[in-house]
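Trainee: Could we go through a protein model together? I'd like to learn how to read one.

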Amino acid sequence: MVANFWRMMLAWQFAAAIVIAVGASWVVDGPSLWRTALFALVAFVGIQYAVIWLTFAVSRVLAGPEPATPDLRQTMHAVLTEPVHFALAQLALARPLQLQPPVQGGRSDDVARSPLLLVHGLATNRGIWRWLLPRLRAAGFECIHAVDLEPMRADIDVLARSLVREVQQIRDLHMGARITIIAYSMGGLIARAALGALPAGAIRHIITIGTPHHGAAIARTLSWACAKQMCPGATWLTALNELQEGRLPVPMTAIRSREDNLVRPTASAKLHGARCLEVRGLGHFGLLISGRSLDCVLRSLREVA
């Protein structure tokens, strides 16, 4: 279960922070509860920065030189804010998210009444939508569904088959309504892989957020089946793009950040034939937490009715 994975990760980080804090407290001036607590907090924050800075460095090395010169100010903004977003995301992923039952026949217009399906990415669950959900509800969207796709390390085609079943159940629930998919990271590839098994007209629109449509170099560091499929130049990914790129079967919007610490090369989050929206100065988790990125999602939902 993904939530257990993140609980374990947080436990290890808190344990490491406490050990560091106790050691630092002894070195400074002997044991002190308030000093140890302060050092533990600083150590935990430091761990977040260390992890995220490492992902920035590894992604840059594995992806190689970028064609465009990076914007130093935007890069620094992403480097400084992404550790905070990462810590918040871990806490959200460790707590199961309970969705309110979808409602129908409310005050919203036809666009807001059409079903939405939220699809998470690699090593995440529907807890990652904790920031988008209230924005969707405030905008009047009523029929919101979110999946938890497991096993975490599975082949993307296996996860796509689970998504197909979910789409069919939602359509049955809503009398064959067309569904808009909002997908984060690898979730965008799962959604694209599912299209071939869905009837024409089942999907209204797909919005991808930080999806590595052409692969993520950092995926080479994982041995998981889905990660291998997301490596740049992977056979699975190449076949998917040859089938769809430039002739997408449904309208698609791709939201990306050039400062994404996990999706590199940075152009990987773009897809020929899809509308591309760019948000600057955000890391991978920041794309799901920042109000600027969420505004792009809401605008896209309205523009493709």
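Mentor: Sure, and let's start with a word we'll need: two residues are in contact when they have heavy atoms within 4.5 Å of each other. Keep in mind that this is a predicted model.

Trainee: Okay, so which residues does Val147 touch, not counting residues up to four places away in sequence?

Mentor: First find Val147: the loop between β2 (144-146) and α6 (156-173) holds it. One partner sits 30 residues away along the chain, with its C-alpha atom 7.6 Å from that of Val147. With close sequence neighbours set aside, the list is Leu117, Leu118, Val119, His120, Arg126 and Glu166.

Trainee: Is Val147 buried or exposed?

Mentor: The cut-off for buried is under 20% relative accessible area. Val147 has a relative accessible area of 4%, so Val147 is buried.

Trainee: How many of the residues of the protein chain, in percent, count as buried?

Mentor: The same kind of test can be run on the whole protein chain, which has 11 helices and 6 strands. Of its 305 residues, the share that counts as buried is 53%.

Trainee: And which residues have the most contacts inside the largest nonpolar core?

Mentor: In soluble globular proteins, nonpolar side chains tend to be buried together. Here the largest nonpolar core has 84 residues, and α6 gives the largest share of this core, 7 residues. One of the best-connected members is in contact with Leu118, Val119 and His120, among others, leaving aside neighbours within four places in sequence; that residue is Trp129. The full set with the most contacts inside the core is Trp129, Ile182 and Ile203.

Trainee: What radius of gyration does the protein chain have?

Mentor: Its C-alpha trace spans about 70 × 45 × 35 Å along the principal axes. For 305 residues, a compact globule would come out near 19 Å, and the protein chain agrees with that, at 20 Å.

Trainee: Let's do the pockets. Which helix supplies the largest share of the lining of the largest pocket?

Mentor: That pocket has a volume of about 770 Å³ and is lined by 30 residues, with Thr55, Leu122, Ile218, Leu222 and Leu262 nearest its centre. Helices α1 (2-29), α2 (33-63) and α3 (72-93) each supply at least two lining residues. The largest share is 5 residues, and it comes from α2.

Trainee: How many charged residues are in the lining of the second largest pocket?

Mentor: As a backdrop, the lining of the largest pocket divides into 22 nonpolar, 8 polar and no charged residues. The second largest pocket, with about 230 Å³ of space, has 16 lining residues, and closest to its centre are Glu66, Ala68, Pro70, Arg258 and Thr266. Its lining has 4 nonpolar and 3 polar residues, and the charged ones number 9.

Trainee: Last one: how much space lies in the largest cavity?

Mentor: The structure holds 1 cavity of 30 Å³ or more. Its lining includes Val2, His120, Leu122 and Met186, and by class that lining has 9 nonpolar, 3 polar and no charged residues. The space inside the cavity is about 50 Å³.

Key: Residues are numbered from 1 along each chain as its sequence is written. This is a predicted model: local features need pLDDT of at least 70, side-chain atom pairs count only at pLDDT 80 or more; totals for chains, interfaces and linings use all residues. Side-chain values use heavy atoms; hydrogens and water are left out. On a 1 Å grid over the protein atoms alone, a cavity is a set of points where a 1.4 Å probe fits but cannot get out, and a pocket is an open set with protein on both sides within 12 Å along at least five of seven lines; lining residues have an atom within 4 Å of a point. Grid points are joined across faces, edges and corners, and a volume is the space filled by probe spheres set on the points. Helices (H or I, at least four residues) and strands (E, at least two) are DSSP runs, numbered from the N terminus. Ala, Val, Leu, Ile, Met, Phe, Trp, Tyr, Cys and Pro count as nonpolar, Asp, Glu, Lys and Arg as charged, and the others, Gly among them, as polar. Buried means under 20% relative accessible area, exposed over 50%, partly exposed in between (1.4 Å probe, protein chains only). A nonpolar core is a set of buried Ala, Val, Leu, Ile, Met, Phe, Trp, Tyr and Cys residues joined through side-chain atoms within 4.5 Å. The radius of gyration is taken over C-alpha atoms; the globule rule is 2.2 Å times the number of residues to the power 0.38.
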